[in-house]
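The following exercises concern a protein chain and the DNA strands placed beside it. Each task is followed by a solution in steps.

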Amino acid sequence: MTFSQRVYSVVKKISKGSVLTYKQVAEKSGSPKAYRAVGNILSKNTDPLIPCHRVIKTNGDFGGYNGLMGRKIALLNQEGVE
DNA sequence: GACCTGACTCAAC
DNA sequence: AGTTGAGCCAGGT
C-alpha cells in the first residue's frame, strides 16, 4: 500500500457535503506533512472515483483541479458543501 | 538512485 | 493583509 493508495482511500471516504483540506487528507493518510505529496499525487491521478473537488486548501479556498468541470464544482458545492 | 516538479502549508517581512 | 522564502513529501524524468 503506497501513500498514494492511502490518499485515494481517504478522499473516497469523504461524504457528500464534507470537504477535507490537503493537510487533513495527509494526516489521515498517515503523514501529516505529506500535504505536498497529496496534491502532487492527486494531480497525476485524476481518478473519477476520487472527488478531488472535495479536497481544498487549508484556507478554505478551492484548490486547483484543472478538471473539465468548473461550474460543476459550484453545483457540487450546492449539494451540501459550503 | 539523484534531481526536478507540483493541485501545499507555515512563518516571516 | 498580501507577498516572499523556506520546508516538507511522493512521483516522474
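Buried residues account for 34% of the 82 residues in chain A. The model is a predicted one.

**Exercise 1. Describe the overall architecture of chain A.**

Step 1. Four helices and two strands constitute the secondary structure of chain A.

Step 2. Read from the N terminus, the elements follow the order α-β-α-α-β-α.

Step 3. Consider contacts in chain A between residues at least 6 apart in sequence: 54% of these join residues at least 24 apart.

Step 4. The exposed area of chain A is about 5400 Å², and carbon and sulfur atoms supply 50% of it.

**Exercise 2. Characterise the protein surface near DNA strand B.**

Step 1. DNA strand B is surrounded by 15 residues, the closest being Y22, R36, L42, S43 and T58. Of the atoms of DNA strand B that come within 4 Å of the protein, 42% belong to sugar and phosphate.

Step 2. Sorted by class, this surface has six nonpolar, six polar and three charged residues.

Step 3. At least two residues each come from α2 (22–29) and α3 (35–44). The largest share, seven residues, is that of α3.

Step 4. Polar contacts are then assigned by atom type. A polar side-chain atom of T58 is 2.5 Å from a phosphate oxygen of DNA strand B. A polar backbone atom of S43 lies 2.7 Å from a base nitrogen of this strand, and an N or O atom in the side chain of N40 lies 3.3 Å from a base nitrogen.

**Exercise 3. Carry out the corresponding analysis for DNA strand C.**

Step 1. The residues around DNA strand C are F3, S4, K33, A34, Y35, R36, A37, N40, I41 and K44. By class, the surface has five nonpolar, two polar and three charged residues.

Step 2. α1 (3–12) and α3 each provide at least two residues of this surface. With six residues, α3 gives the most.

Step 3. Sugar or phosphate holds 52% of the atoms of DNA strand C within 4 Å of the protein, and the rest belong to bases.

Step 4. Base oxygens of DNA strand C have a polar side-chain atom of R36 at 2.4 Å and a backbone N or O atom of A37 at 3.1 Å. A base nitrogen of DNA strand C lies 3.1 Å from a polar side-chain atom of N40.

**Exercise 4. Which helix gives the most to the surface near each strand?**

Step 1. For DNA strand B, the largest share comes from α3.

Step 2. For DNA strand C, α3 again gives the most.

Step 3. The side chain of N40 has a polar atom placed by a base nitrogen of DNA strand B and one placed by a base nitrogen of DNA strand C.

Conventions:
Residues numbered from 1 in each chain as written. Chains lettered and ligands numbered in written order. Predicted model: local features only at pLDDT ≥ 70, side-chain atom pairs only at ≥ 80, totals over all residues. Heavy atoms only, no water. Near = heavy atom within 4 Å. Polar contact = N/O pair within 3.5 Å; in protein donor to acceptor, adjacent residues only side chain to side chain. Nonpolar A, V, L, I, M, F, W, Y, C, P; charged D, E, K, R; others polar. Buried < 20%, exposed > 50% of the residue type's maximum accessible area, 1.4 Å probe, protein only. Contact = heavy atoms within 4.5 Å. Areas by Shrake-Rupley, 256 points an atom, 1.4 Å probe, with all protein chains shown as cover.
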